[in-house]
Amino acid sequence: MAFSDAHAAVDLLRTLVRAPSPSGRERPAVAAFAAALRDLGYDEVVVDGVGNAIGTLRRGDGPTLLFNGHLDTVPTGDAAAWPVDPLGAEVVDGRLWGRGSVDMKGALAAMAVAGRQAADDGFTGTLVVAGMVQEEVGGLGARWYGERNRADLIVLGEPSDRGLKLGHRGRIEMSIELPGRIAHAAKAELGANALTRAARFVLALESLALPAHPSLGRSTATPTQLRTFPEGGANVVPGRAELTLDYRQIPGDAPEAVVARLAALDPEAVVRILEEVARSEDGAVERRFPRVNGAYLLDPGHPSIAWAAEVLGAARGGAAIDVGTWWFATDAPYLAAMGAPILGLGPGDPEVAHTTREALPLDELLAAVDEYRTLATAFLRGRVPWEDAMTPTFDRSAR
Ligand SMILES: [Zn+2]
C-alpha cells in the first residue's frame, strides 16, 4: 500500500514543514500530524489535554515502544535571510529545506511511517508515536505526557547524526540582581554603580571552577543578557543591574548548589532561578515551574544501549554505532518520568538546527524510516529483549 512506501515520509515531512508551528502555536502541524497518523491506519489517534498528537498501534500483549519527538519549532526569523522559503519544504540537491526539517519534523515523519511498516511486518506489543508541543520553550507537552503515560523503551528522534545519544547537560535559566545607588552621572562618586558591579560579577564567572563529567564535559555559566535600572538613564549611575545567565548543568550539579556557588561571588548578589508560566494553546492548562530542564543521562551500562547498537549495526551491514551525548537539551528529562530508558536517534545534523541552513538530506530521512522500522520489529516481540535471560539478543561480555 502507498503508505508503507518510505517515500510517504517525504510527503509527510513536506506537509509538516508547510504547517508552521512556532512553540505554543502548533495547531496546524498537530492537525496535519494527527491526520497523517489516521491516514496511516493507526488504531487510535488522539490530541491530548495540552495539544500533543499521539498515534497508537496495538498488536497483542507485549512491551510498549514510544517513538517521541516534538512538533514545535523555533521561529523562522527573517525569511529573507534564508536561501529558500523557510516554510516552502523545497527539495534542493537532495535535501528538504525548511524550519523544522531537522529539528525535528523529519524524525516524526519517519517514525509515523516506520510504525505503520512495522505493524505490516507484524509485531507483538504496543507502538506509540507521539509529537509533543512546546519543546523549544518550557517542555509543557512532554511534562504533561511524561506524567500520564508509560513505556518500556523510548526512542527520542532529536537529530543525532546517525549515532545513538544517551543524554545531555541540563539547563537552568537564572537571574542575578546586583545592587547599586543611583546618582547623577556627573557626580558619580556619590553613587554606587550597579553596572560596574555586574561587570565584576561577569568577569568572576570566567574563573569560577565548575564540576566536570566524563562524557558530558563541564557545567558552564554563560551570561547572556544585562539590564540596568532606571532604564533609559544614559546620564544616571544605575541603582540596580540584572544579569541573565544560561547555566548548563552536569548530572549531580544540583540547582541549589548552583545558586549557592554563584551567590558566593558577590555577597550582595540576589541569585534566582527564573520561573515560567506555560499555557496550552487552548488555554485549558496552565502550569508554573522553575526554568530548569534537568540533565539526562542513561546509564552507559544499560542493556538497551548494547541491544540497540547491535540491531542498528546489523542493519548497517556490521558497522560500529557511535554512542555519545547531545550538546543541546531535549524533552528527555520530562519523558524520564515514564520509567523507560531513552535512546536518542534521529536523522539530520544538529548543527543546522535553529539556523537559516536547516535542511534534511532525503537519504537520511529514508534511512531513518528503515532503522525505526527495524528497531520496532526487533523490540516488539512480546517481551523486552534484554529482560529475556534465556535468549539474549546481545553478548554482555563483548561490550
Ligand atoms: Zn529539537
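Which domains does the domain assignment of the protein chain give? In this predicted model, the assignment gives domain 1 (2-168 + 295-398) and domain 2 (170-279). The legends below take up these domains and several close-up views.

**View 1. The two domains and the contact between them.** The C-alpha centres of domain 1 and domain 2 are separated by 37 Å. Nine residues from domain 1 and nine residues from domain 2 make up the contact. On the side of domain 1 that touches domain 2, six residues are nonpolar and three are polar, while no charged residues occur there.

**View 2. The largest nonpolar core, with Phe-33 and Ala-110.** This core comprises 94 residues, of which Phe-33 and Ala-110 touch the most other members. Helix α3 (residues 101-121) contributes 12 residues, the most given to this core. Because domain 1 (2-168 + 295-398) and domain 2 (170-279) both supply residues, the core lies between them. In soluble globular proteins, nonpolar side chains tend to be buried together. When neighbours within four places in sequence are set aside, the contacts of Phe-33 are Leu-16, Ala-53, Leu-71, Leu-108 and Gly-131. There is also a second, separate core of 16 residues, which includes Met-174, Ala-194, Ala-221 and Leu-262.

**View 3. The hairpin of strands β18 and β19.** Strand β18 (residues 275-279) pairs with strand β19 (residues 286-290) in the antiparallel sense, over five bridges. Two residue pairs serve to follow the register of the strands. Glu-286 in β19 is the bridge partner of Arg-279, and Phe-289 in β19 is that of Glu-276. Six residues lie between β18 and β19 in the hairpin. Within the turn, Gly-283 has a positive phi of about 80°.

**View 4. An open sheet of three strands and the helix packed on it.** The strand order is β4-β5-β24, and the pairing is antiparallel. Strands β4 (91-92) and β24 (359-361) form the edges, each pairing on one side only. Strand β5 (residues 95-97) is joined to β24 by three bridges, and the two run antiparallel. Here Leu-96 stands opposite Leu-360 in β24. Helix α3 packs on the sheet and touches both β5 and β24. The direction of α3 makes about 45° with that of β24. Helix α3 is also the element that gives the most residues to the largest nonpolar core.

**View 5. Helix α4 and its surroundings.** Helix α4 (residues 140-148) is mostly covered, as seven of its nine residues are buried. The buried residues are Leu-140, Gly-141, Ala-142, Arg-143, Trp-144, Tyr-145 and Gly-146. They pack against strands β3 (64-70) and β6 (125-132), against β18 and β19, and against helix α8 (332-335). Strands β18 and β19 in this list are those that form the hairpin of View 3.

**View 6. Pro-28 in helix α2.** Pro-28 lies in helix α2, which spans residues 27-39. Is Pro-28 buried or partly exposed? A residue counts as buried if 20 or more other C-beta atoms lie within 10 Å of its own, and as exposed if 12 or fewer do. Pro-28 has 15 C-beta neighbours inside 10 Å and therefore counts as partly exposed. Leaving aside neighbours within four places in sequence, Pro-28 is in contact with Ala-19, Pro-20 and Ser-21. Gln-249 is 221 residues from Pro-28 in sequence, and the two lie 34 Å apart in space, C-alpha to C-alpha.

Conventions:
Residues numbered from 1 in each chain as written. Predicted model: local features only at pLDDT ≥ 70, side-chain atom pairs only at ≥ 80, totals over all residues. Core = buried A, V, L, I, M, F, W, Y, C linked by C-beta atoms within 7 Å. Helix = DSSP H or I, 4+ residues; strand = E, 2+ residues; numbered from the N terminus. Domains from an automatic or database assignment. Contact = placed C-beta atoms within 7 Å. Pairing = 2+ DSSP bridges. Nonpolar A, V, L, I, M, F, W, Y, C, P; charged D, E, K, R; others polar. Axes fitted to C-alpha atoms, helices over the stretch in contact; angles between N-to-C directions.
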